[in-house]
Amino acid sequence: LKHGSAKSVAVISNIRGFPFKVHWLGRQIEFLCGFLPLPPGIPIGVCIQSYAEEITFTVTADIRVVPDADKFASWMMEEYHRLRN
């Protein structure tokens, strides 16, 4: 496994959630936030998830490689909108 991810630059995971809002201990869950821990040597992680007919994503990044993860996320949104149009 030492060299298993040597040529990888990102890990992307998709999580299919419930298509409707669910309840936990009598309270409605409004929002879910995914988290993808970075494997050793991989500087970018993206978690894409759906819940209650909405799609969200989170970005986890090594600051030494991606100093502005918010900018990276905005580039992802730009590309998503280009694909939709």
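User: Why is Phe72 called partly exposed?

Analyst: Its relative accessible area is 22%. Buried means under 20% relative accessible area, exposed means over 50%, and partly exposed is in between (1.4 Å probe, protein chains only). The 22% of Phe72 falls between those cut-offs, so Phe72 is partly exposed. Phe72 belongs to helix α1. Its C-alpha is 9.7 Å from that of Ile44, a residue 28 positions away along the chain.

User: What kind of model is this?

Analyst: It is a predicted model: local features need pLDDT of at least 70, side-chain atom pairs count only at pLDDT 80 or more, and totals for chains, interfaces and linings use all residues. Numbering starts from 1 along each chain as its sequence is written, and side-chain values use heavy atoms, leaving out hydrogens and water.

User: What makes β4 a strand that is mostly covered?

Analyst: Strands are DSSP runs of E with at least two residues, helices are runs of H or I with at least four, and both are numbered from the N terminus. β4 takes in residues 44–51. Six of its eight residues are buried, hence the description "mostly covered".

User: How do you know that β1 and β4 pair?

Analyst: Two strands pair if DSSP finds at least two bridges between them. β1 (residues 10–15) shares six bridges with β4, in the parallel sense. Six meets the cut-off, so they pair. One of the bridges joins Ala10 to Ile44.

User: In which sense do β4 and β5 pair?

Analyst: β5 covers residues 54–61, and its pairing with β4 is antiparallel, over eight bridges. Among the partners, Tyr51 goes with Glu54, and Val46 goes with Val59. The two strands form a hairpin, with two residues between them.

User: What stands out in the phi of Ala52?

Analyst: Phi is positive there, about 55 degrees, though Ala52 is not a glycine. Most residues other than glycine have a negative phi. Ala52 is in the loop between β4 and β5. Glu53 shares that location. Its phi is positive too, near 65 degrees.

User: Is Ala52 buried or exposed?

Analyst: Ala52 has 19% relative accessibility, under the 20% cut-off, so it counts as buried. Glu53 has a relative accessible area of 74%, over 50%, so it is exposed.

User: Why does Ile55 count as exposed or buried?

Analyst: Ile55 reaches 62% relative accessibility, over 50%, so it is exposed. Ile55 is part of strand β5. Ile55 and Phe20 are 12 Å apart, C-alpha to C-alpha, with 35 residues of separation in sequence.

User: What makes Thr60 buried?

Analyst: Thr60 has 18% relative accessibility, which is under 20%, so it is buried. Thr60 lies in β5 as well.

User: What lies 3.4 Å from a polar atom of the Thr60 side chain?

Analyst: The backbone oxygen of Leu36 does. A polar contact is a pair of N or O atoms within 3.5 Å; within protein, one must be able to donate a hydrogen and the other to accept it, and residues adjacent in sequence count only if both atoms are side-chain atoms. The distance of 3.4 Å is within that limit.

User: How many disulfides does the structure hold?

Analyst: Zero. A disulfide is a pair of cysteine sulfur atoms within 2.5 Å. The sulfur of Cys33 has its closest cysteine sulfur in Cys47, at 8.0 Å, so the pair is too far apart for a bond. Cys33 is exposed, at 57%. Cys47 is buried, at 2%.

User: Which residues line the largest pocket?

Analyst: The lining is made of Ile48, Ile55, Thr56, Phe57, Met76, Met77 and Tyr80. β5 and α1 (69–84) are the elements that give two or more residues to it. On a 1 Å grid over the protein atoms alone, a pocket is an open set of points where a 1.4 Å probe fits, with protein on both sides within 12 Å along at least five of seven lines; lining residues have an atom within 4 Å of a point.

User: How do the lining residues divide by polarity?

Analyst: Six are nonpolar, one is polar and none is charged. Ala, Val, Leu, Ile, Met, Phe, Trp, Tyr, Cys and Pro count as nonpolar, Asp, Glu, Lys and Arg as charged, and the others, Gly among them, as polar.
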